[in-house]
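Colleague: I want a close look at one part of this model, the metal site. Please walk me through it, then add whatever surroundings help.

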Amino acid sequence: MANNTKIFKLQGKVQHYTWGGMDFIPALLHLSNSDKKPFAEYWMGAHDNVPAEVVLPDGSLQPLNAFIKQDAVALLGNSVHQRFGRLPYLLKVLDVKDMLSIQVHPTKAAAVSAFAAENMKGTPLNAPNRNYKDDNHKPELMLALSNFWLLHGFKSPQALVSILMQTPELQFLVPVFNNKNYHALYEMVMTMDQIEVDEHLRPLLDRIVPLYEKGFLNRSQEDFWAARAAKTFCEPNKIDRGIFSIYLFNLVKLQPGEAIFQDAGIPHAYLEGQNMEIMANSDNVLRGGLTNKYIDVPELMHHTKFEAVIPDIIKGTAGAVAVETVFPTPAADFELRKLELKTGSPVSLTAATAEIYFVYEGAVKATDGQREISLRKGEALLSTAGAAFELQPSHDAVVFRATVPQ
Ligand SMILES: [Zn+2]
């Protein structure tokens with residue numbers, strides 16, 4: 001590696017999933033989008049399917065997974081190398097225009113065995129009915145960049161009974177939830193015959209979709225999202241059963257700057273908005289509706305935690321460096337930090353492992369005594385373990401830092 005520098009520019013990869021918006025990510029990355037493609041996610045990480053690219057000092061590009069493999073101990077640092085053997089996290093920017101599928105992520109132990117089992121069966125990695133893309137868990141933290149709406153965990157018993165009672169077409173579920181039986185309730189809606197799904201949800205949609213279309217519903221009402229889901233996903237005579245879940249899960253609104261953590265087993269769905277996401281390096285998703293993609297109900301049921309969740313909104317705590325806000329979680333795989341830098345006040349940093357710095361607003365210069373790298377909004381820096389460098393904001397800047405808990 002030329003002159004032993006430990007800082008590099010890093011280029012992420014855009015994912016054009018159909019649910020993405022057309023403006024937010026192109027504007028952030030200074031790209032034009034004249035053919036109106038959806039820009040759903042921007043991935044900055046070393047996932048084998050979609051690695052970011054390191055810009056080497058000679059200007060050539062190398063995929064981040066290959067870059068790390070060539071000297072993993074030095075680049076990740078001893079401790080992270082021993083614990084994970086790879087870059088443990090994946091950092092993303094998301095722009096959710098159309099709601100995403102309801103999903104649950106497996107635990108690490110479950111992912112290891114299930115990934116091996118699917119390999120044994122010979123299910124190709126890219127097969128539509130493949131559940132496990134890798135052998136890792138996928139706890140995730142998301143930080144809202146705009147007002148952000150999501151579903152997150154089962155409602156409390158009181159809130160659940162209350163919404164079912166208020167919604168005449170769903171009152172039939174109240175006795176099923178007798179004795180706070182989340183498992184019985186979810187199993188019923190997930191395994192019900194499609195004809196029965198349509199029989200229960202058709203009258204609901206007939207009532208609420210016209211209200212939605214006239215603008216009489218608002219985002220804090222489950223009916224709003226159920227009607228929107230019906231318009232987004234439902235084929236004639238095949239209403240998406242994920243609509244039941246909109247009423248069963250907590251409907252959460254995050255303000256810009258607020259974060260929420262989703263551990264293994266917590267059902268969730270992103271409904272609308274932009275966020276930064278950091279997660280264990282994995283793509284393992286089990287889906288439960290609001291999607292045209294593959295749904296494996298027994299597998300989903302097996303990995304879902306059937307308990308009430310009280311959403312814990314994380315506002316961040318002051319870090320060791322004054323300009324830093326830390327968003328701690330129980331996950332050992334990642335930590336997200338936000339740096340708010342003022343023009344003329346540089347900050348000195350030391351990388352605990354291979355870290356990624358994403359410039360969300362403003363512009364900075366990174367210098368390690370050997371190289372100087374200018375980064376404008378939408379650009380990212382990779383600093384390898386032990387890198388000591390300075391970030392100098394040339395305008396007031398907001399920089400997100402992906403690292404591991406220290
Ligand atoms: Zn998820």
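Modeller: Here is the metal site, followed by one helix and one set of strands. Keep in mind that the model is predicted.

Start with the zinc ion. Its protein donors are Gln103 through OE1, His105 through NE2, Glu140 through OE and His268 through NE2. They lie 1.9 to 2.4 Å from the metal. In sequence, the spacing reads Q-x1-H-x34-E-x127-H. The geometry is irregular, with angles of 84 to 167 degrees among the four donor atoms. Tetrahedral would need all angles between 85 and 135 degrees, so this range does not qualify.

Now burial. Gln103 has a relative accessible area of 10%. His105 has 1%. Both count as buried because the cut-off is under 20%.

Next, helix H8, residues 194-213. H8 bends by about 35 degrees at Leu201. A proline, Pro203, follows within four residues. The buried residues of H8 are Val197, Asp198, Leu201, Leu204, Leu205, Ile208, Val209 and Tyr212. In an α-helix, residues three or four places apart point the same way, because there are 3.6 residues a turn. The buried residues of H8 pack against helix H9 (222-233) and helix H10 (242-248). After H8 comes Gly215, with a positive phi near 80 degrees.

Last, the strands. S1, residues 7-11, pairs antiparallel with S20, residues 380-383, over four bridges. There, Phe8 has Leu382 as its bridge partner. S1 also runs antiparallel to S4, residues 53-55, joined by three bridges. In S4, Val55 is the bridge partner of Lys9.

Note on methods. Residues are numbered from 1 along each chain as its sequence is written. This is a predicted model: local features need pLDDT of at least 70, side-chain atom pairs count only at pLDDT 80 or more; totals for chains, interfaces and linings use all residues. Side-chain values use heavy atoms; hydrogens and water are left out. Two strands pair if DSSP finds at least two bridges between them. Helices (H or I, at least four residues) and strands (E, at least two) are DSSP runs, numbered from the N terminus. Donors are N, O and S atoms within 2.8 Å of the metal (3.2 Å for Na, K and Ca); water is not among the atoms, so sites may look incomplete. Four donors count as tetrahedral if all angles lie between 85 and 135 degrees; four count as square planar and six as octahedral if opposite donors are over 155 degrees apart and all others between 65 and 115; anything else is irregular. Buried means under 20% relative accessible area, exposed over 50%, partly exposed in between (1.4 Å probe, protein chains only). The bend at a residue is the angle between axes fitted to the seven residues ending there and the seven starting there. Contact means heavy atoms within 4.5 Å.
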